[in-house]
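Q: I'd like a close look at one part of this model, please. Keep it informal, and spell out the cut-offs as you go.

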Amino acid sequence: MTCKRAHLAISRFLDGELDPTGQSRLNRHLERCPECSAYLDDLRQGLSALKALPMEEPSANFEWNLRRKIQAAEAEHRVLEKQRTVSFWPRFAVSAAAALLLSLGGASVWYASLERGTTVPGDSPAAPAGRLAGGDAEQPVIGPQLEGRGFDRPESGFRAVGENKGAMSARQHARTIQPSDETVALPLVKQRAAEEAADSLAETAPEQP
Amino acid sequence: MTESWMQNAQRQAASDEELILAVQQGDRRAYDELVGRFKVRLYNFVLRMVSDPDLAEELTQDAFVRAYLNADKYRTIARFSTWLYTIAINLVRNHARRKKRNPVQRLPLVGKDDSEKMELEATDTGELPDRILEKREQSRTISEIMGKIPEHYREPFVLREVHDLSYAEIAAATGLKLGTVRSRINRARSHFRSHWVTRFANEDQTSDGGPLR
């Protein structure tokens, strides 16, 4: 038995939980190990001194103070309960109104963004790209980066044919919506897409005479 | 008073669990009986944990207030004493956490002057002042030693050595596993023994007296 195991066994022995086999093993170890033997003696002595210590009495007004604390806590508890039941309905109404306003606001923002999304392709001149690619004016060829974003509608091409203004205005538009101050009109991704579209358009568009 | 409430004699004969069930029925005097039974034990447990008489009294009272307000949550699956110790342990742990976050030193508060206390004890017990002084010195030494044992070891150690709770009860009160309780108590004993020996070895060098054998 190692000394570490002997200490564990001593602890069990002090608790009266060591079986006879463990006890005889511990005894054999203690006969050979003066340190563990001293450990047991010191521990027995210290613990019996600890157990023999008289219990300290709390102050004489302990119970009186306790009664006062209980009364105060009960009163507080009653007030809280009352507040909870009384203020439930007004709070519920305010919460419901707030939720309704939020959902209305959210819906209007979503609707506005939807509307903006449908006008962007019409404003942006996809037609020059189509013309340069050698496509028919009526059947503009759409650059792969613009496909599926609403630029493949015929009317979006017709509006910008022969106009460099469209490209410029798109770029200008992109710049104007750049956050010169802290206010951001569009999410950054949309801004970048708009800028990229405007830039590519400006590069491919024919020079104005 | 309602008829279902206990009479004084019944209260005194009732078990702790019967009393707390009576409290659940609204019998306030049953709670007074429980406070009478546990105030010294609980106060001494908290005192061993916080080593400050005034703070110990405050926390003990808080534990009783909580137990009273939550009496309806008590279920007979646990002993009342275990439940009460759990409440006190949580309060002591919360206090230790607050103290760690905001380490404001409390002045050591002593209820009565030692000499005054000694005089009172001498008249009460008829013991010689020297003997009382020796006892008080030993008590102070043990309190100091207890204060040196790390808190998480001290908690199960005090419950075991001072309050005679079983390992299972300590596990239930502290929320620790039985194996953890066992190992912590073993470690606490080891700490206690080493401080005990160091303390009395030092005293051996300064005086002829050693630990009482």
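With which residue does B:Arg28 form a salt bridge, and how far apart are the closest N and O atoms?

A: B:Arg28 forms a salt bridge with A:Glu74, and the closest N and O atoms are 3.2 Å apart. B:Arg28 lies in helix H3 of chain B and A:Glu74 in helix H4 of chain A, so this pair joins two chains. (A salt bridge here is a side-chain nitrogen of Lys or Arg within 4 Å of a carboxyl oxygen of Asp or Glu; helices are DSSP runs of H or I, at least four residues, and strands are runs of E, at least two, numbered from the N terminus.) The two ends sit in different surroundings: A:Glu74 counts as buried at 19% relative accessibility, whereas B:Arg28 is partly exposed at 34%. Buried means under 20% relative accessible area, exposed means over 50%, and partly exposed is in between, using a 1.4 Å probe and protein chains only.

Some housekeeping before going on. This is a predicted model, where local features need pLDDT of at least 70 and side-chain atom pairs count only at pLDDT 80 or more, while totals for chains, interfaces and linings use all residues. Residues are numbered from 1 along each chain as its sequence is written, chains are lettered from A and ligands numbered from 1 in the order written, and side-chain values use heavy atoms, leaving out hydrogens and water.

Now for the setting of that pair. The interface brings 35 residues of chain A into contact (heavy atoms within 4.5 Å) with 43 residues of chain B. The two chains bury about 3,700 Å² between them, 57% of it on carbon and sulfur atoms; that area is what the two parts lose in accessible area (1.4 Å probe) on being put together, summed over both. Over all chains there are 16 salt bridges, and 9 are found across this interface. On the chain A side, helix H1 (3–14), helix H3 (34–52) and helix H4 (62–86) each give two or more residues to the surface touching chain B. H3(A) gives the most, with 11 residues.

Helix H3 of chain A also carries A:Lys51, which forms a salt bridge with B:Asp164, with the closest N and O atoms 3.9 Å apart. That pair also crosses between chains, reaching from helix H3 of chain A to the loop between helix H8 (151–161) and helix H9 (167–174) of chain B. A:Lys51 is partly exposed at 45% relative accessible area, and B:Asp164 counts as exposed at 58%. A:Lys51 has another partner in B:Glu161, with the closest N and O atoms 3.1 Å apart.

Back in chain B, B:Arg11 and B:Asp27 meet in a salt bridge at 3.6 Å, N to O. This one links distant parts of the chain, 16 residues apart: B:Arg11 in helix H1 (residues 8–13), and B:Asp27 in the loop between helix H2 (16–24) and H3. Both B:Arg11 and B:Asp27 are buried. As for shared partners, A:Asp15, A:Lys51, B:Arg160, B:Glu161, B:Asp164 and B:Arg189 are joined by salt bridges into one network.
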